[in-house]
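Here is a friendly set of exercises to work through with the viewer open. Try each task by yourself before you read its solution.

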Number of protein chains: 2
Amino acid sequence: MLVVKKFGGTSVANKERIYNVARRVIEDYKNGNEVVVVLSAMGKMTDELIAMARDINPNPSRRELDMLMTTGEQTSVALMCMAMDVLGVPSVSLNAFQVQMHTTSAYGNARLKRIDTERIRHELDSKRIVVITGFQGVNKYDDYTTLGRGGSDTTAVALAAALHADKCEIYTDVDGVYTADPRIVTRARKLSEITYDEMLDLATLGAGVLHNRSVEMAKKYGVELVVRSSLTNEEGTVVKEDVKVEKMLVSGVAVDKSAERISLVGLEDKPGIAFRVFDALAKANVNVDMILQSVGRGDTKDISFTVDGNFGDDALKVLEDNKSRLNYEHVEIEKNVCKVSIVGAGMMSNPGVAAKMFECLYNEHINIKMISTSEIRVTVLIDVKDADRAANAIHDIFGLDEA
Amino acid sequence: MLVVKKFGGTSVANKERIYNVARRVIEDYKNGNEVVVVLSAMGKMTDELIAMARDINPNPSRRELDMLMTTGEQTSVALMCMAMDVLGVPSVSLNAFQVQMHTTSAYGNARLKRIDTERIRHELDSKRIVVITGFQGVNKYDDYTTLGRGGSDTTAVALAAALHADKCEIYTDVDGVYTADPRIVTRARKLSEITYDEMLDLATLGAGVLHNRSVEMAKKYGVELVVRSSLTNEEGTVVKEDVKVEKMLVSGVAVDKSAERISLVGLEDKPGIAFRVFDALAKANVNVDMILQSVGRGDTKDISFTVDGNFGDDALKVLEDNKSRLNYEHVEIEKNVCKVSIVGAGMMSNPGVAAKMFECLYNEHINIKMISTSEIRVTVLIDVKDADRAANAIHDIFGLDEA
């Protein structure tokens, strides 16, 4: 069996942890598997390199920043192979140039395009464990690029796809994907399986276990992902296309407390006004999430939307700076709001799911401020003070604590 | 004019020094020159990386050690370009993969074979300063190699040769090559010019300004070298094939206090005995320097030789371990000895030079223990207590203080 195993920065933060990972990987190797390991930079090294760069130049070019940052993973892979050597197992480290990890040219935020497998295949055939730098690539100019934060997950999935690996294991500091955040929902339960789409919606909603792009890529190439802990031997959660028949209507409840709501009151009710609002926000790099537009009352209408917590004031400033152009009566910001979502592939063929969620919130006397839905997700905006109570109640009503 | 400028680790050890180098390079660029910069790793970074490796594995594989160490220069070149960007001048950093610095396969001690100039040429044509990682290369397996200590000098000379540069400037913490070590010889004078061969003999004798292999390569490809200080604007010393007509008989006096003398007394006087002695030492990696063999007395003879200070006891052990095979009466070690040499291309056609040196030492009542000569060098072994007095007297007798 060919396995790709990815370990994040905390898993290789020091000598002890490097040996811990090495032993774990060697176990798989000794069981007769071919093993490819993908590593991030050690602990806080990426942050330290960025700080070092900013000390020299507060606004370094992305090209040179990538050149600097790629030293981080290269350090990890070399040290890992030295540890494996001590443990008596042959291994070899490879960076993005050696593998030829082709990416788009966008420094700092490149996308993987193609991975050459010849060198890796050769090393695997020579019975070596192959340890590869995550997060980095090479563009058409033969320059280093990086894939953006969390990009090592994507490296691992792309390698698994290119090598036709049987499995891609992503090791993190949690032991799998849960039906809800265990710190909020007391009866949260670890899922043994989840679909790509559910995982995508959970990732987008801030569950933060897997990098979004890596899940998209796994879905596209049908790579079976396993999310598991680098600290325990627990089974983890399998992410794949189809989950077992006994699948649940709803897989999980996600809470995102970083939302803020902005309302534009008394806009002219004429075409193009929504475009002008969101174009101004986009140009200022403000990411807008849920959008709600009231039906026109007379000759005015209202538009509300949510933004990530840190960008509420930025959004407000953009709107105030453009008041004359946008021509609204006044603008409001509401900071103490949060998003609670349910996600589940089963929801598609069961129209009653959203209603059941709303009923649950009604029974709890929780007011819903906004609603947004996709095929497999329902999100409501509520007061942040009600968030934990809502999540627990919803978790209970859908029976998520039962296996 | 195309100039290659090499700066060592101390010259880029911190932000202030990086900016210092950047400004210096930019001056050349603004004067209309094409500039290629070669950098070592910052300050003690190479030592720190080695320590990091040894903490994981006391005896790391050279392949993985090189993989780790090459991150050092890559860090330097990226930061340098960020500084140049702040100063408003376009630049680009390149590592050994990007340049394609082909070397032999010997990890840790590789030799440069060929350098592709296409990418560098392209960047120079785009009016960029090109900042290249010293000390590193890529071998036929597409793995990183390093050139051994001081290898960045060699990188710079090789680049100058490949690019047909007009000049190769090596910046160090001294402002040029001196007629003698100014800490020992009070009237030591900086040379404005010196030949490759003289420089080679001085380098071998421990003058330590330039890496030996870099001088050999400069000679081979006729690259004009300039050794100068990164801290001052002084002219430095030019190293080239032919120096001005007014050249001196002797260019410099070198003192090497790290020598030790070993004497094997009462060896059998028969063929093959010298081979057996020095073969045993070579196999134990003991570098032997001056060798003196007495003419046979009856059926025995004596062999004396010098080794670098740190290896005297190693040599002794090798000889004692092989006593039965080598069949000598006894072995002696003399630790308080030193080598004093004069070097000068002019010596070749002037047979009286050695005699003048010996006469000088006789006048100073300094006893000569061993003598070794080459075409352009005379070396004597004397008591270390006499070293400084000898160096000053020789410096005076050859008039080295006069320009």
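The exercises below go from the contact between chains to a helix, a strand and a single residue. Keep in mind that the model is predicted.

**Exercise 1. The contact between the chains**

Task: Describe the side of chain A that touches chain B, and find which element gives the largest share of it.

Solution:
- Step 1. Begin with the head count: 25 residues of chain A and 25 residues of chain B take part in the contact.
- Step 2. Next, assign the chain A residues to elements. Those that give two or more residues are helix H1 (15–30), helix H2 (45–56), helix H3 (62–86) and helix H4 (96–99) of chain A.
- Step 3. Look for the main contributor. H3(A) supplies 13 residues, the largest share of this side.
- Step 4. Sort the residues by chemistry: 13 are nonpolar, seven are polar and five are charged.

**Exercise 2. The symmetry of the pair**

Task: Work out which relation links chain A to chain B, and decide why the copies can be said to meet through the same surface.

Solution:
- Step 1. Superpose the copies. A turn of 180° with a shift of 0.1 Å along the axis lays chain A on chain B, with an RMSD of 0.1 Å.
- Step 2. Name the relation: this is what a two-fold axis does.
- Step 3. Locate the axis. A:Thr71 has the C-alpha nearest to it in chain A, at 2.6 Å.
- Step 4. Compare the two sides. The copies meet through the same surface, because 100% of the interface residues of chain A are also interface residues in chain B.

**Exercise 3. The two sides of a helix**

Task: For helix H12 (residues 352–363) of chain A, check the span against the expected one and find where the buried residues lie.

Solution:
- Step 1. Check the span. The 12 residues of H12(A) reach 16 Å from first to last C-alpha, close to the 16 Å expected at 1.5 Å a residue.
- Step 2. Pick out the residues with 20 or more other C-beta atoms within 10 Å. In H12(A), the buried ones are A:Val353, A:Met357 and A:Leu361.
- Step 3. Look down the axis of H12(A). The buried residues fall within an arc of 75°, so they line one face of the helix.
- Step 4. Turn to the other side of H12(A), where A:Gly352, A:Ala355, A:Glu359, A:Tyr362 and A:Asn363 are exposed.
- Step 5. Find the packing partners. The buried residues of H12(A) pack against strand S18 (337–343), strand S20 (377–383) and helix H13 (387–397) of chain A.
- Step 6. Follow the chain just past H12(A), where A:His365 has a positive phi of about 60°.

**Exercise 4. An enclosed strand**

Task: Decide why S18(A) counts as largely enclosed, and trace the bridges of A:Val343.

Solution:
- Step 1. Count the buried residues. Seven of the seven in S18(A) are buried, so the rest of the structure largely encloses this strand.
- Step 2. Check each face. A:Val337, A:Lys339, A:Ser341 and A:Val343 are buried on one side, and A:Cys338, A:Val340 and A:Ile342 on the other.
- Step 3. Identify the neighbours. Strand S13 (residues 252–256) of chain A runs antiparallel to S18(A) and is joined to it by five bridges. S20(A) is also antiparallel to S18(A), with seven bridges.
- Step 4. Trace A:Val343. A:Gly252 is its bridge partner in S13(A), and A:Arg377 is its bridge partner in S20(A).

**Exercise 5. A residue in a loop**

Task: Is B:Tyr178 buried or exposed, and what does it touch?

Solution:
- Step 1. Place the residue. B:Tyr178 sits in the loop between strand S9 (167–172) and strand S10 (193–195) of chain B.
- Step 2. Apply the count: B:Tyr178 is buried, with 22 other C-beta atoms within 10 Å.
- Step 3. List the contacts. Leaving out residues up to four places away in sequence, B:Tyr178 touches B:Ala188, B:Arg189, B:Lys190, B:Leu191 and B:Gly252.

Conventions
Residues are numbered from 1 along each chain as its sequence is written. Chains are lettered from A and ligands numbered from 1 in the order in which they are written. This is a predicted model: local features need pLDDT of at least 70, side-chain atom pairs count only at pLDDT 80 or more; totals for chains, interfaces and linings use all residues. Two residues are in contact if their C-beta atoms, placed from the backbone, lie within 7 Å. Helices (H or I, at least four residues) and strands (E, at least two) are DSSP runs, numbered from the N terminus. Ala, Val, Leu, Ile, Met, Phe, Trp, Tyr, Cys and Pro count as nonpolar, Asp, Glu, Lys and Arg as charged, and the others, Gly among them, as polar. Copies are superposed by least squares on the C-alpha atoms of residues with pLDDT of at least 70 in both. The expected span of a helix is 1.5 Å times one less than its number of residues. A residue is buried if 20 or more other C-beta atoms lie within 10 Å of its own, exposed if 12 or fewer, and partly exposed in between; C-beta atoms are placed from the backbone. The arc is that of the directions from the helix axis to the C-beta atoms. Two strands pair if DSSP finds at least two bridges between them.
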